[in-house]
Amino acid sequence: MGTGTKVVVGTIVVGGLGASAFAMFAAGSGETEVDTVPVQRGEIVDRALAVGRIEPLVEVSVKSQLAGVVRRMFKEPGQYVLRGEPLLEVQPNPTPIELVEARRTIELREIELQQLERRRDRLAELREQGLASEEEFEDADYSFNEVSLQLQIARERLALLSEGRVTIGDEAVETVIQSPIQGFILEKMVEIGDPVVPLTTFQEGTVLMTMAEMDELLFRGTVDEIDVGRLTEGMPVEVTIGALPDARVDGRLTKISLTGRDEENATIFPVEIAVLPAEGTLLRAGYSANAQVIIERRSDILIIPERVVRFEEGGTFVTVRLGPEETEEREIRTGLSDGISVEVLEGLAEGERVMEPPRREIT
């Protein structure tokens, strides 16, 4: 075991000596590409990362206002439908008590209507004889018309409960659920025969389908609290879709939440980004995506790698190679940085070469 250890150490030492010899040879022969980098013109973009997914701007849940069971399905997920097109039919499934109550309500209204009709006719005769006032006759006529309307409503309700359809005036009312928007069906939550709970003021009701207008899409995601203070609405965004790595999708920051939330020991803030149409790219709801918010972009500026810059007390410095064996310590002034490259505002000229930091020795 001891012999093996000595061989490995010897190999490392020899490799280090070889690297040192190569560096000395490069310096002596004027080959400075190995240990210097040029000052050149380029672009620096300061970005903030948002993580989220693509969602439609308008997404609705289709529900029924009538109770029953699903009888027929006219559309399937993925289909494009116009506003008002039939989606599915809900067959009423009333309880015996509901049917009995509906029929008895009709009978009661019919009896009440007959009594009011006789009273109205009697008051009409008395009015002609001068024994009843016009006001008394009008009250009786109003009560007759009111109960007549209640009887019609009761009959229509029974028709809906028992047959699932009724005609009101010239309009046919059926238990067919129609599309509330123009768009795509994303998902259906029920099958034929499934029970349907109606939407009322006291209950949410059964979600039958979800639909969305896919013409306008949003990126909904979150940014870290470190970056949210630098963001403003209207900033341009580059969106990268995980499922479409070659697609280029642009957007614009439209909303920044005023309230953050804690997630995995970090504070994040929800954001919304309007996704602009991308020619030749089909976006689907639910795609996971990353959004790079462009905080600032500077082009045609002098840049150097940030690793060659030394931030020391009192200033920012680099080592400039002046010749094969001549260097100079120079103070510079820097500007925008993206963490890899940094803008040079003063102290360096295009084409000058800056020394790489010394390599760390392996011990």
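**Group meeting talk: strands, a pocket and two unusual phi angles**

Strand β17 (residues 310-312) and β18 run antiparallel and are joined by 3 bridges. That is where I'd like to start, everyone, and please keep in mind that what we have here is a predicted model.

Let's stay with that pair for a moment. Across from Arg-310 we find Phe-317 in β18. The hairpin of β17 and β18 has 2 residues between the strands, and in it Gly-314 takes a positive phi near 100°.

Now, which strand does β18 meet through 7 bridges? That is β19 (residues 326-337), again running antiparallel to β18. Here too the link is a hairpin, with 2 residues joining β18 to β19. Phe-317 comes up again, since Glu-331 in β19 stands opposite Phe-317. And there is β21 (residues 353-355), which runs antiparallel to β18 with 2 bridges between them. On that side, Val-320 has Val-354 of β21 as its bridge partner.

So is β18 buried or exposed? Of its 9 residues (315-323), 7 are buried, so strand β18 is largely enclosed by the rest of the structure.

Let me zoom out to the whole chain. There are 4 helices and 21 strands in the protein chain. It has 363 residues, and 34% of them count as buried. If you take contacts between residues at least 6 apart in sequence, 72% of them join residues at least 24 apart. The accessible surface is about 22800 Å², with 51% of it belonging to carbon and sulfur atoms.

Next, a sheet from another part of the chain. This one is open, with 4 strands in the order β8-β5-β3-β10 and antiparallel pairing. β8 (176-178) and β10 (195-196) are at the edges; each has a single partner strand, so one side of each has no neighbour in the sheet. The pairing of β3 with β10 is antiparallel over 2 bridges, and Gly-68 sits opposite Val-196 of β10.

Val-196 also leads us to Ser-64. Ser-64 is in the loop between β2 (40-62) and β3 (68-73). Its relative accessibility is 2%, and residues under 20% are called buried, so Ser-64 counts as buried. Beyond its neighbours within four places in sequence, Ser-64 is in contact with several residues, including Val-90, Ile-177, Val-196, Pro-198 and Leu-208.

For those of you who like pockets, let's look at the second largest one. It holds about 370 Å³ of space. There are 17 lining residues, and the closest to the centre are Phe-184, Met-214, Leu-282, Leu-283 and Arg-284. Two or more lining residues come from each of β9 (183-188) and β11 (209-224), and β11 gives the largest share, 4 residues. What is the lining made of, in terms of nonpolar, polar and charged residues? The split is 12 nonpolar, 2 polar and 3 charged.

Last, some backbone angles to check on your own screens. As a reminder, most residues other than glycine have a negative phi. Asn-265 has a positive phi of about 60°. Asn-265 belongs to the loop between β14 (261-263) and β15 (266-275), and is exposed at 87% relative accessible area. Asp-300 also has a positive phi, near 55°. Asp-300 lies within strand β16 (residues 288-305), and with 55% relative accessibility Asp-300 counts as exposed.

Thanks for listening, and I'm happy to go back to any of these.

Conventions: Residues numbered from 1 in each chain as written. Predicted model: local features only at pLDDT ≥ 70, side-chain atom pairs only at ≥ 80, totals over all residues. Heavy atoms only, no water. Buried < 20%, exposed > 50% of the residue type's maximum accessible area, 1.4 Å probe, protein only. Contact = heavy atoms within 4.5 Å. Pairing = 2+ DSSP bridges. 1 Å grid on protein atoms, 1.4 Å probe; cavity = no way out; pocket = protein on both sides within 12 Å on 5 of 7 lines; lining within 4 Å. Points joined across faces, edges and corners; volume = space filled by probe spheres on them. Nonpolar A, V, L, I, M, F, W, Y, C, P; charged D, E, K, R; others polar. Areas by Shrake-Rupley, 256 points an atom, 1.4 Å probe, with all protein chains shown as cover.
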